[in-house]
Amino acid sequence: MVIARRFGVTQPVSQLWLVLAIAMVRFYMEKGTHKGLYKSIQKTLKFFQTFALLEIVHCLIGIVPTSVIVAGVQVSSRIFMVWLITHSIKPIQNEESVVLFLVAWTVTEITRYSFYTFSLLDHLPYFIKWARYNFFIILYPVGVAGELLTIYAALPYVKKTGMFSIRLPNKYNVSFDYYYFLLITMASYIPLFPQLYFHMLRQRRKVLHGEVIVEKDD
């Protein structure tokens, strides 16, 4: 029953990301440029990525074998990028950095959920296993670079328009500056990215090389 539930989750998700990948490739083959790509796939991307909130729940109840913390950080950062950056700041949608994180996310999710699906079927091809624990070595830094460069590109627009910011005086006596919030968000990648990246490296050694990893207590 548990396996059936897991399979029922992982198979559709991998197919959804494959649909997005095909749409991206088709657009580039027809247009020959990345400009307009985000606009053409944004509805699909928003649905897929917002739908990913369920993955946190799936981790909590054991349907998907991923750390809740890892899933939480990854999903929340992606939803932030989709809704509060690229959706809200249209002038940056044609930035090349947007393509970087779109490609990194798509290939990562296709590989990850293919790994889960074949594992549940007890018929895991070595290439899928190898891809799951090797592709991230390049895809994680590429995705993070794309996200950071996109946020950086958004800064001038946010500073000029004052979007999402709350200025004093107001009846709530509360101030919020979205521009500085984005700077803090970018700085947060410094401690968070290495933790996630080295976690995956440890998993890679454990799965591919059979090393016994002993987690140190904080």
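## Transmembrane spans, a nonpolar patch and aromatic pairs

The unreviewed UniProt entry lists residues 12-29, 50-73, 133-158 and 178-198 under "transmembrane region". Keep in mind that what you're looking at is a predicted model.

How much helix does the model put into residues 178-198? There the chain is 100% helix and 0% strand, with the end C-alpha atoms 30 Å apart. Over residues 133-158 the figures are 88% helix and 0% strand, and the C-alpha atoms at the ends sit 37 Å from one another.

On to the surface. Phe47, Phe51, Leu54, Val57, Leu60, Ile61 and Val68 come together there as a nonpolar patch, and their joint accessible area is about 630 Å². Two elements supply two or more residues each, namely α2 (37-51) and α3 (53-61). Helix α3 gives the largest share, four residues. As for Phe47, that residue belongs to helix α2.

Now for the rings. How many aromatic pairs turn up in a search of the whole structure? The count is 20. Two of the pairs are set out here:

| Pair | Geometry | Centre to centre | Angle between planes |
|---|---|---|---|
| Trp130 and Phe135 | edge-to-face | 5.9 Å | 85° |
| Phe176 and Tyr178 | tilted | 6.5 Å | 45° |

The labels follow from the angles: 85° for Trp130 and Phe135 is over 60 degrees, so that pair counts as edge-to-face. The 45° between Phe176 and Tyr178 is neither under 30 nor over 60 degrees, so this one goes down as tilted.

Are the residues in these pairs buried or exposed? Trp130 is partly exposed, at 34% relative accessible area, and Phe135 is also partly exposed, at 29%. In the tilted pair, Phe176 is partly exposed with 29% relative accessibility, whereas Tyr178 is buried, with a relative accessible area of 3%. The cut-off matters for that last call: buried means under 20% relative accessible area, and because Tyr178 has just 3%, the label applies.

Phe176 and Tyr178 also take part in something wider. Which residues do ring pairs link into a cluster? They are Phe80, Phe164, Phe176, Tyr178 and Phe181.

One more ring contact is worth a look, this time with a charge involved. The charged end of Arg132 sits over the ring of Tyr133, at 5.3 Å from the ring centre. Tyr133 is also where one of the UniProt "transmembrane region" entries, 133-158, begins.

Note on methods. Residues are numbered from 1 along each chain as its sequence is written. This is a predicted model: local features need pLDDT of at least 70, side-chain atom pairs count only at pLDDT 80 or more; totals for chains, interfaces and linings use all residues. Side-chain values use heavy atoms; hydrogens and water are left out. Patches are made of residues with over 30% relative accessible area and no salt bridge: like charges are joined within 9 Å, nonpolar side chains (Val, Leu, Ile, Met, Phe, Trp, Tyr) within 5 Å. Accessible areas come from the Shrake-Rupley method with a 1.4 Å probe; for residues, only the protein chains shown count as cover. A salt bridge is a side-chain nitrogen of Lys or Arg within 4 Å of a carboxyl oxygen of Asp or Glu. Rings of Phe, Tyr and Trp (its six-membered ring) pair if their centres lie within 6.5 Å; planes under 30 degrees apart count as stacked, over 60 as edge-to-face and the rest as tilted. Buried means under 20% relative accessible area, exposed over 50%, partly exposed in between (1.4 Å probe, protein chains only). A charge sits over a ring if NZ of Lys or CZ of Arg is within 6 Å of the ring centre and within 35 degrees of the ring normal. UniProt positions are given in the numbering used here, feature names are shortened, and annotations may be inferred rather than shown by experiment.
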